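This report describes one protein chain, from its overall make-up to selected residues. The sequence and the model are shown first.

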Amino acid sequence: MHILSALTLLLLLSAQLSAQPNFGPVRIDAGSDRTFFYPTVAVTHDGTLQCSWTSGSDEWMGAYSREADLTGVPVSAQDTVDLQSAAILTCPPRVTLVTLNSGAWSKLIYHE
């Protein structure tokens, strides 16, 4: 499963930037995760995409974020926001990135 689908990006870009890029789905995670939850994409003040998602395996669940350019190419390292044992979780962690007036990002992590 791809974190960023072309459809999501095209809708987001059309609404936010009036752009019409042409590219396929991209994967911005490590590539070894098997399950994914809560993917989100937000446009930053710099015009890049701030992406967040939760993924995991049988042993752990993690919440992550990463910045990508408008074609889906990562421009920052993957940020591990929350990582916990799957044995103690009843639901995956959700990460929400909120932009502040200063342009900085606040990361909110919670379990529903």
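Throughout this report, a residue is called buried when its relative accessible area is under 20%, exposed when it is over 50%, and partly exposed in between. The model is predicted.

## Overall make-up

The chain contains 1 helix and 6 strands. Along the sequence these elements follow the pattern α-β-β-β-β-β-β.

Of the 112 residues in the chain, 34% are buried. The accessible surface amounts to about 6,200 Å², and carbon and sulfur atoms contribute 55% of it. Among contacts in the chain with a separation of 6 or more, 39% involve residues 24 or more positions apart.

## The sheet

An open sheet is built from 4 strands in the order β1-β2-β3-β4, with antiparallel pairing. Its edges are β1 (35–43) and β4 (79–85), each of which pairs on one side only. From one strand to the next, the twist averages 10°.

Strands β2 and β3 run antiparallel and are joined by 8 bridges. They form a hairpin, with 3 residues between the two strands. Within this pairing, Gln50 stands opposite Glu67 of β3. On the other side, β3 (residues 60–68) is linked to β4 by 6 bridges, and this pair also runs antiparallel. Gly62 has Leu83 in β4 as its bridge partner, and Ser65 is partnered with Asp79 of β4.

How many of the 9 residues of β3 are buried? The count is 7, so the strand is largely enclosed by the rest of the structure.

## Arg66 in strand β3

Arg66 belongs to strand β3. Is Arg66 buried or exposed? With a relative accessible area of 18%, Arg66 is buried, because this value falls under the 20% cut-off.

A polar atom of the Arg66 side chain lies 2.8 Å from the backbone oxygen of Ser76. Ser76 also appears among the residues in contact with Arg66 once neighbours within four places in sequence are set aside. The other contacts on that list are Ile28, Leu49, Gln50, Cys51, Trp53, Pro74, Ala77 and Gln78. Gln50 is thus a contact of Arg66 and the residue opposite Glu67.

## The hairpin loop and Ser57

Ser57 lies in the loop between β2 and β3. Its relative accessibility of 19% makes Ser57 buried. The side chain of Ser57 reaches the backbone nitrogen of Glu59 at 3.3 Å. Not counting residues up to four places away in sequence, Ser57 touches Arg34 and Ala86.

## The salt bridge

How many salt bridges does the chain have? The count comes to 1. The side chains of Asp79 and Lys107 form this salt bridge, with an N to O distance of 1.9 Å. Asp79 is in strand β4 and Lys107 is in strand β6 (residues 105–111), so the pair ties together parts that are 28 residues apart in sequence. In general terms, side chains of opposite charge can pair when their charged atoms come close.

Both partners fall in the intermediate class of accessibility. Asp79 is partly exposed, with a relative accessible area of 27%, and Lys107 is partly exposed at 38%. Asp79 therefore has two roles in this description: Asp79 is the bridge partner of Ser65, and its side chain meets that of Lys107.

## Tyr38 and Asp46

Most residues other than glycine have a negative phi. What is the phi of Tyr38? The value is positive, about 55°, although Tyr38 is not a glycine. Tyr38 sits in strand β1, which is one of the edge strands of the sheet. At a relative accessible area of 22%, Tyr38 is partly exposed.

Asp46 is found in the loop between β1 and β2 (49–56). With 68% relative accessibility, Asp46 counts as exposed. The C-alpha atoms of Asp46 and Asp69 are 9.7 Å apart, and the two residues are separated by 23 residues along the chain.

Terms used. Residues numbered from 1 in each chain as written. Predicted model: local features only at pLDDT ≥ 70, side-chain atom pairs only at ≥ 80, totals over all residues. Heavy atoms only, no water. Pairing = 2+ DSSP bridges. Axes fitted to C-alpha atoms, helices over the stretch in contact; angles between N-to-C directions. Buried < 20%, exposed > 50% of the residue type's maximum accessible area, 1.4 Å probe, protein only. Polar contact = N/O pair within 3.5 Å; in protein donor to acceptor, adjacent residues only side chain to side chain. Contact = heavy atoms within 4.5 Å. Areas by Shrake-Rupley, 256 points an atom, 1.4 Å probe, with all protein chains shown as cover. Salt bridge = Lys/Arg side-chain N within 4 Å of Asp/Glu carboxyl O.
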